[in-house]
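Please look over the chain below with its domains, its sheet and its empty spaces in mind.

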Amino acid sequence: MAAEIISGTEIAAQIREELKGKVKELKERKGTTPGLVMVRVGEDPASVSYVSAKSKASEEIGIYSETIVFPEDTTEEVLLAKVEELDKDPKFHGILVQLPLPKHINADKVLNAIDPRKDVDGFHPVNVGKLLIGEPYFMPCTPHGVQELLVRSGNSPEGKHVVICGRSNIVGKPLMAILVQKKKGANATVTVCHTGTKDLASVTKNADIVVAAMGSPKAITADMVKDGAVVIDVGVNRIPDETKKSGFRLVGDSDFDAIKEKAKAITPVPGGVGPMTVTMLMANTVRAAEMHSA
Ligand code: NAP
């Protein structure tokens, strides 16, 4: 039987509706409008488009957002001074510095200057540590989105063996920290794989849930997945496609067409994890406003 296709677009829309309700309540009960400020340095096209998507989502939900754009040659000192100013600005409950930053700026130094209670990306070391001990202010958006996709599609990771392929600081490692907690919607047995893993297929074949976050097109093939497994594909890869106006199309890290014939459920690319990432940023901003007005 063909797999259920887990629609990130639909689940994200459902979460955005819930967030609209929370924003309305915050405005009515506390007189608080959640505020998000985004800082972009330079004109990297991907960064321009990500920030614009976040700004549109904010507007849709009722979050006040501002984007501050600095020229490419801005110094680290100027950027740090702006972050420190925003830390103190009560209008903004969330601060996001869009990565990557130009090479002459130390990104870690800038991210570490964000007040952890306003760090809606969840990248500050304080938040990374708090995530590991199960008391996060904010969960990083993409891994949190993966957890929501699993739970809301009726594929809770509780008691399951989850194999995460990829150990980056933004996806694989924080997802491990989220799913291993003794909590509802988590409580999984988690294995994390990477390029040092000797026989990846022998590990993924034992998984109830496979999360592909490697940045390698179609790296997870049907023979690496057991019958009835759930596959969450985080990967976003551009491959050449002459039939497209852009000259490329997006594919994930898994062989979607073959795997959907044997899996219980699978996420598509695009339309799977992608829409969840921006939505969980909105959720974190609303949470930040709730924390500040508590
Ligand atoms: P990354 O920093 O490049 O990390 C990739 C990880 O995968 C590394 O840990 C690497 O192992 C591992 N890996 C790569 N090839 C492998 C292989 N053949 N076998 C086993 N492990 C392998 O990537 P990332 O930032 O986590 O992103 C991963 C993918 O998700 C990318 O396609 C990215 O575009 C996508 N992404 C999507 C969203 C979204 O919102 N949809 C958000 C973030 C990322 P080593 O550590 O040993 O090098």
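The report that follows takes up the domains, a sheet with its helices, the pocket, the cavity and some backbone details.

## Model and domains

The coordinates are those of a predicted model. The protein chain is divided into two parts, with domain 1 covering residues 31-116 and domain 2 covering residues 141-274. Between the C-alpha centres of domain 1 and domain 2 there is a distance of 29 Å.

## A three-stranded sheet and its helices

Three strands make up an open sheet, ordered E3-E2-E4, and their pairing is parallel. Strand E3 (64-70) and E4 are the edge strands, each having a single partner strand, so one side of each has no neighbour in the sheet. From one strand to the next, the twist averages 15 degrees. Strand E2, residues 35-41, is joined to E3 by seven bridges, and Val37 has Glu66 of E3 as its bridge partner.

Two helices pack on this sheet. Helix H2, residues 45-61, touches E2, E3 and E4, and its direction makes about 170 degrees with that of E2. Helix H3, residues 76-88, likewise touches E2, E3 and E4, while the angle between its direction and that of E3 is about 165 degrees.

## The largest pocket

The largest pocket holds about 1400 Å³ of space. Its lining is made up of 45 residues, of which Tyr50, Thr142, Val236, Gly274 and Thr277 are the closest to its centre. The elements that contribute two or more residues to this lining are H2, E4, helix H6 (141-152), strand E10 (248-251) and H10. Helix H2, which also packs on the sheet, gives the largest share of the pocket lining, namely six residues.

In chemical terms, the lining of the largest pocket divides into 26 nonpolar, 12 polar and seven charged residues. Both domains take part in this lining, with at least three residues drawn from each of domain 1 (31-116) and domain 2 (141-274).

## The cavity

Apart from the pocket, the structure holds one cavity of 30 Å³ or more, and the space in this largest cavity amounts to about 30 Å³. The residues that line the largest cavity are Ile95, Leu96, Val97, Leu111, Ile114, Asp119, Asp121 and Phe123. Strand E4, residues 94-97, supplies the largest share of this lining with three residues; E4 is also an edge strand of the sheet, and E4 is one of the elements that give two or more residues to the lining of the largest pocket.

Six of the residues lining the largest cavity are nonpolar and two are charged, whereas none is polar.

## Backbone details

Two cis peptide bonds can be described together with their surroundings in the chain. Leu99 and Pro100 are joined by a cis peptide bond with omega of about 0 degrees, and Pro100 belongs to the loop between E4 and helix H4 (107-112). A cis peptide bond also joins Val269 and Pro270, again with omega of about 0 degrees, and here Pro270 lies in the loop between strand E11 (265-266) and helix H10 (274-292). Helix H10, which follows in that description, is among the elements that give two or more residues to the lining of the largest pocket.

A further backbone detail concerns Asn187, whose phi is near 50 degrees, a positive value in a residue other than glycine. Asn187 is located in the loop between helix H7 (172-179) and strand E6 (189-193).

Note on methods. Residues numbered from 1 in each chain as written. Predicted model: local features only at pLDDT ≥ 70, side-chain atom pairs only at ≥ 80, totals over all residues. Heavy atoms only, no water. 1 Å grid on protein atoms, 1.4 Å probe; cavity = no way out; pocket = protein on both sides within 12 Å on 5 of 7 lines; lining within 4 Å. Points joined across faces, edges and corners; volume = space filled by probe spheres on them. Helix = DSSP H or I, 4+ residues; strand = E, 2+ residues; numbered from the N terminus. Nonpolar A, V, L, I, M, F, W, Y, C, P; charged D, E, K, R; others polar. Pairing = 2+ DSSP bridges. Axes fitted to C-alpha atoms, helices over the stretch in contact; angles between N-to-C directions. Contact = heavy atoms within 4.5 Å. Domains from an automatic or database assignment.
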